[in-house]
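Q: Please take a close look at a single part of this model and explain how it packs and what surrounds it. I would like the criteria behind each term stated once.

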Amino acid sequence: MSDLLFQWLRIAAPYLCAAAGGVLSERAGIIALTLEGYLLAGAFGAALGALATDGPWLGVAAGIGAATAVAALHAAATLRFRADQVVTGVALNLLVDGATTFVLRRVYDSSANSPRVEGFGSGGDLGSPVGWLALLALPALWWLLARTRFGLRVRAVGEAPEAATTAGISVARVRWLAVLGSGALAGLGGAFLALDQHKFSTGMTAGRGFIALAAVIFGRWDPLRTAGACLLFAAAETLQIRLQGTAAIPSQFTEMIPYALTIVALATLAGRAAAPAALGKAES
Amino acid sequence: MSRPPGPRWAEALLPPLVALAIALVVGDLLILTFGQSPRIVWGVLLEGTWGNAYGMGQVLYKATTLTCTGLAVAVALRAGLFNIAAESQLAAGGFGAAMAGLALPAGAPAILAVPFCLGAAMTAGAIVGAVPGGLKAKAGANEVIVTICLNFLVLALLNWAVAEHLHVPDSLHTATIRAGGLPRLADVHAAFRGSAGNATVLVAVAAIVATWWGLFRTPGGYALRAVGLSPAAAEYGGVSLGRTWFRALVWSGALAGLGGVNYVLGYKRYYEEGFGFGAGFLGIAVALVGRNHPVGVGIAALLFATLSQGGLAVNALVPKQMMDVLQAVVILAVVASVPEVRRLVAQAVPRRP
């Protein structure tokens, strides 16, 4: 029973981190299509960092750093150059996918896998201490958004940037911080993934960033609801793994659950009313 | 309107040219990290793509799919909508063509079989396009998120159908179609032997012309562009937003679906899981670099196809993933320089009183 619980939480951990990044970015008005790229960059940085320094925590730091660097590109393109957020997101995902494989071949002469990463060893029930941080990410973000001055500013620039400007808030600076923070949070999720699987392999995030984005929307941009959505999607995946071989439901159908639920949520009125008002709109 | 032609051309052409220059510099740096000479690598790239018939056939093949997905994204963008589902519409189109080709009796005359299969491909893509179109028109659901989700749903569904019901044992592809196949370039001239190039390239050219006609010479295309430029003004002028959005996404899906013909009717003559290789996502880049103009889309498709095929040609010297990086650099440079160029052009040209 308890190993079922921990399996569930281990599957949920990358979703929880990436979705926290998604909520932070989107509540500030910046579309979080890049979560997939942040996760992959985080996994890559963590694997290389841990291998280079023999220290799992330094690996985690490197993963967060790599993902934050990608987030900085996203922020520079969309905020400094006012580039379209959706196109930039698609391009950055492609960039991270290509660049990680390119560097992997340069450093380890392999276009598929890094060498084995020891990381936190067996790492306990949750795989690693990072898992506990992942569980805290969304509750902490709830506190940040609901209870702090910075959180209020994030919500202000996402809902009414003109009003925020009038109130003396620098919209661009708050959005920069929110995007960098979203990269760092998703990078933590990527680091968990690489250290949990003890390696980096190309494309290892396999759409997890998009599932996290679906969780953000299904959770109506609210941190706690989003945590619930992540746990729900992870539960479906855990069940699928447990049922494998019994052929109860084809795996393709459980893979559909997050996306089908998100489309249904969007198609009903509730999903529409909850999106941050300035989401995706360039500030002019 | 009242803007002089010179700066309009500058506004359209400068961003892609700037992007290419930046990509060349980044490419040089990446090549140098592998200790290779940029001149040699670029030379090998050109030789392996436009230097021989096989390379040209491969570039034309890849450009054909990219033209269709690029047109799909461009049509939606002209209406102010993002179609990120070109990837799954492409797959659905290929699936539809294969099902049509399998349903036909062997030896069915090509003059009937080919249009039937083309129609099936477009219909399958259009059905996938109708979902975000309908949800946008009826419920106001954001088409970006719906199309992202739809990619995963449709691909999972097709994978299930092929894996559980339609596959040839020990493979992930269907049986070979009985009718509706298109001639390969190698059938026309032996020098193209081995390349995937085929007659679908003519379909793509026809799609460019038809899309241009539809967008710029028909009332429906006018309404579509009006909605894209200013939804409020278009609605005030009597255009139904919901209906226009729906039509735009249905046409967009049909164009992406048409791209599936290239692999299924032209190249392999069966549907195979994952045959699209990201061509749907790259369609976004193609539309962007082609500035949402059908002719520009065709040129951009050739550019991206050259990069992609060129990556294979230079893979022994530098990893082919370098081309993914360069493609991303081109997209980022274009998308970031468009507003900047627009601002500079506006400054350079004094407004008429």
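A: The answer starts from one helix pair and moves outward. The model is predicted, so local features need pLDDT of at least 70 and side-chain atom pairs count only at pLDDT 80 or more, whereas totals for chains, interfaces and linings use all residues. Residues are numbered from 1 along each chain as its sequence is written, while chains are lettered from A and ligands numbered from 1 in the order in which they are written.

In chain A, helix 1 (residues 2–27) packs against helix 9 (residues 208–218) at an angle of about 55°, their axes lying 8 Å apart (helices are DSSP runs of H or I with at least four residues; axes are fitted to C-alpha atoms over the stretch in contact, with angles from 0 to 180 degrees between N-to-C directions). Helix 1 of chain A is therefore oblique to helix 9 of chain A (under 35 degrees is roughly parallel, over 145 roughly antiparallel, 65 to 115 roughly perpendicular, and the rest oblique).

From helix 1 of chain A, A:P14, A:Y15, A:A18, A:A19, A:G22, A:V23 and A:E26 meet A:R208, A:G209, A:I211, A:A212, A:L213, A:A215 and A:V216 of helix 9 of chain A (contact means backbone-placed C-beta atoms within 7 Å). The residues of this contact divide into 10 nonpolar, two polar and two charged (Ala, Val, Leu, Ile, Met, Phe, Trp, Tyr, Cys and Pro are nonpolar, Asp, Glu, Lys and Arg charged, and the others, Gly among them, polar).

Leaving aside residues up to four places away in sequence, A:A215 touches A:Y15 and A:A19, and also A:T226, A:A229, A:C230, A:F233 and A:P258. A:Y15, A:A19 and A:A215 are also among the residues with the most contacts inside the largest nonpolar core, which has 221 residues, and B:V335 of chain B is another of them (a core joins buried Ala, Val, Leu, Ile, Met, Phe, Trp, Tyr and Cys through C-beta atoms within 7 Å; buried means 20 or more other C-beta atoms within 10 Å). The largest share of this core, 15 residues, comes from helix 11 (residues 241–268) of chain B.

Helix 9 of chain A also has a place at the interface, where 35 residues of chain A are in contact with 37 residues of chain B. Helix 4 (85–108), helix 9 and helix 11 (251–267) of chain A each supply at least two residues of the side that touches chain B, and the largest share, 14 residues, comes from helix 4 of chain A. By class, that side of chain A has 21 nonpolar, seven polar and seven charged residues.

How values were computed:
Two residues are in contact if their C-beta atoms, placed from the backbone, lie within 7 Å. A residue is buried if 20 or more other C-beta atoms lie within 10 Å of its own, exposed if 12 or fewer, and partly exposed in between; C-beta atoms are placed from the backbone.
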